[in-house]
Amino acid sequence: MASHYEAPIRKPLVLGDKGYHDVSVDIAAPVEGRANRQWWIVFSIALAALLWGIGAIVYTISTGIGTWGLNKTVNWAWDITNFVWWVGIGHAGTLISAVLLLFRQKWRMAINRSAEAMTIFSVIQAGLFPIIHMGRPWLAYWVVPIPNQFGSLWVNFNSPLLWDVFAISTYLSVSLVFWWTGLLPDFGMIRDRAVKPFQKKIYSLVSFGWTGRAKDWQRFEEVSLVLAGLATPLVLSVHTIVSFDFATSVIPGWHTTIFPPYFVAGAIFSGFAMVQTLLLIMRKVCNLEAYITVQHIELMNIVIMITGSIVGCAYITELFIAWYSGVEYEQYAFLNRATGPYWWAYLLMMSCNVLSPQIMWFKKIRTSIMVSFVISIVVNVGMWFERFVIIVTSLHRDYLPSSWTMFSPTFVDIGIFIGTIGFFFVLFLLYARTFPVIAQAEVKSILKSSGERYKKLRAEGKPLYAVTKNGIIRETFIESEEEESATVGQPSPAFNLLDSIGKFDLESQKPDDLKKVKGIGPLMEKTLNKLGIFSFLQVSKMTQNEYNLLDSLTGAFPGRAQRDDWAGQARLFLNRDK
């Protein structure tokens with residue numbers, strides 16, 4: 001009888017007949033191997049965009065803010081639009097990971113790492129715009145409440161702009177610690193697999209001494225839950241405070257109480273869309289189709305559809321409140337958005353944010369990779385135009401018709417924005433080549449409940465474990481491999497290993513305490529026993545070939561047996577017994 005029951009309608013979250021060792025190899029491959037052609041193509045495009053942005057920033061600083069399309073009426077425009085857009089994208093990364101962790105959702109395992117990294121890199125992009133907007137970025141410390149040895153620097157603590165600094169920096173700090181904490185087991189895995197001494201030393205430093213002991217995992221889970229609990233309310237506070245930049249003013253179209261929840265919903269909406277874009281790119285350039293499955297894509301599309309509907313309700317509420325208020329200035333502000341000179345931007349906003357996600361009601365569409373990729377980009381385009389419409393259309397026609405004017409971005413405005421997009425993808429692609437983009441330890445923890453191999457066993461009514469003729473407990477898939485190998489006339493890896501080091505007869509021989517060997521703990525001893533290894537004599541016969549076979553069968557800490565010289569240690573114990 002199967003040891004675990006799961007509803008038959010739940011699809012596997014890990015495709016293919018993956019074992020623990022396969023997971024380690026697949027996830028470590030982008031870090032250990034060479035980048036493929038797709039990675040280089042995407043990286044080249046991102047790098048070209050970054051260089052264009054750097055050129056535009058240098059030109060702005062050397063010439064002045066007059067290179068931008070700002071004017072006396074629309075003094076907030078392109079740069080603040082981009083700032084709010086990037087902050088919004090950074091919103092959903094930590095939220096996805098934190099909330100799904102708190103609710104124990106298994107499907108987060110393949111997407112949480114990319115989502116958390118997205119938060120860090122997008123907040124970095126957002127922070128660039130206020131600094132560039134100053135015109136003299138080397139004087140950026142003037143906006144920070146620091147002691148007065150630099151002069152009389154009095155900051156207005158009533159300003160939401162200052163609270164932006166506090167909220168975003170706090171959110172960035174918590175997100176960074178949350179992201180790095182989750183990476184520790186993966187850094188330990190890369191460290192243990194590393195061959196080059198320099199690489200091993202670097203990953204030893206960044207793993208903070210991770211050993212994988214039970215105490216390490218206990219602390220890891222406790223810290224992860226605490227950080228997830230801290231990050232969740234921060235997600236709500238950050239964009240709420242960003243919305244106060246507008247809502248606390250007296251400008252028609254901005255002075256409204258719906259902005260805080262409206263901005264939060266929109267930020268989550270755009271953040272989920274960007275995570276979807278990154279997942280679809282990562283599964284291709286890092287060959288992770290078995291771990292970022294169509295089911296993950298479908299679930300993300302469902303969330304995008306729901307949050308898009310919430311944003312649509314917010315748009316309708318805005319229009320209703322403007323009409324219901326009876327204030328002619330407020331009514332004109334919204335009428336001007338839809339029918340004024342920027343009607344095309346308003347139409348793009350409504351089409352991309354409200355209409356496009358609704359096609360996800362159809363399963364065939366929301367499980368299509370190409371459609372999902374296009375919609376994820378369309379949503380982010382629409383969310384950018386939402387911020388553009390809110391900022392520019394509320395400013396370009398104020399109370400005095402004599403000051404009405406239009407805003408048009410220059411090539412410098414556009415270049416800086418494209419540069420930040422390039423910078424974002426450069427950071428993300430470099431991260432994918434140095435850090436594991438999927439939490440391998442967490443994927444292994446769900447393998448027996450969400451792996452395709454184990455689902456097949458349960459569907460066939462087979463147990464996950466079986467007792468062999470010698471009384472050895474083995475996973476069923478090892479036996480099935482042996483049977484399959486026998487049918488084609490080739491011995492399985494398990495049989496090859498025992499043929500090399502000898503078999504053990506439990507009836508006539510007494511097992512040795514393998515835990516005496518450094519590197520073999522209680523769990524590893526049980527694993528070795530399942531494979532039929534019970535004595536120091538068997539371990540002492542291991543060579544490079546046997547070590548490789550052992551790694552392929554156990555999938556735990558590849559290369560550790562050779563590094564700790566299990567065979568040499570076992571020979572010492574045999575000599576002592578003599």
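Reader: Which word fits E525, buried or exposed?
Author: The model is predicted, so keep that in mind. The relative accessibility of E525 is 12%. The cut-off for a buried residue is under 20%. E525 therefore counts as buried.

Reader: Which side chain meets that of E525 in a salt bridge?
Author: Side chains of opposite charge can pair when their charged atoms come close. For E525, the N to O distance in the pair is 3.1 Å. A salt bridge needs the nitrogen within 4 Å of the oxygen. The partner of E525 is K515.

Reader: How many residues apart in sequence are the parts that E525 and K515 tie together?
Author: E525 lies in helix α20, which covers residues 522-531. K515 sits in the loop between α19 (493-501) and α20. So the pair ties together parts whose separation in sequence is 10 residues.

Reader: Which residues do salt bridges with shared partners join into one network?
Author: Look for bridges that share partners. They link up into one network. Its members are E298, K363 and R366.

Reader: What is the N to O distance between K363 and E298?
Author: The two side chains meet in a salt bridge. The cut-off is within 4 Å. Here the N to O distance is 2.9 Å.

Reader: How many residues apart are K363 and E298?
Author: K363 belongs to helix α12 (residues 363-366). E298 belongs to helix α9 (residues 294-325). The pair links distant parts of the chain, with a separation of 65 residues.

Reader: Which word describes K363, with its relative accessible area of 42%?
Author: Buried means under 20%, exposed means over 50%, and partly exposed is in between. K363 has 42%. Its partner E298 has 11%, so E298 counts as buried. K363, however, is partly exposed.

Reader: How many salt bridges does the whole structure hold?
Author: K515 and D513 form one salt bridge, at 3.1 Å from N to O. K363 and E298 form another. A search of the whole structure gives a total of six.

Reader: Which residues does N336 touch, beyond those up to four places away in sequence?
Author: N336 is part of helix α10, residues 328-339. Its relative accessibility is 3%, so N336 counts as buried. Leave out residues up to four places away, and N336 touches P341, T393, H396 and R397.

Reader: What share of the chain do buried residues make up?
Author: The chain has 24 helices and two strands. Its residues number 578. N336, at 3%, is one that counts as buried. Across the chain, the buried share is 52%.

Terms used:
Residues are numbered from 1 along each chain as its sequence is written. This is a predicted model: local features need pLDDT of at least 70, side-chain atom pairs count only at pLDDT 80 or more; totals for chains, interfaces and linings use all residues. Side-chain values use heavy atoms; hydrogens and water are left out. Helices (H or I, at least four residues) and strands (E, at least two) are DSSP runs, numbered from the N terminus. Buried means under 20% relative accessible area, exposed over 50%, partly exposed in between (1.4 Å probe, protein chains only). Contact means heavy atoms within 4.5 Å.
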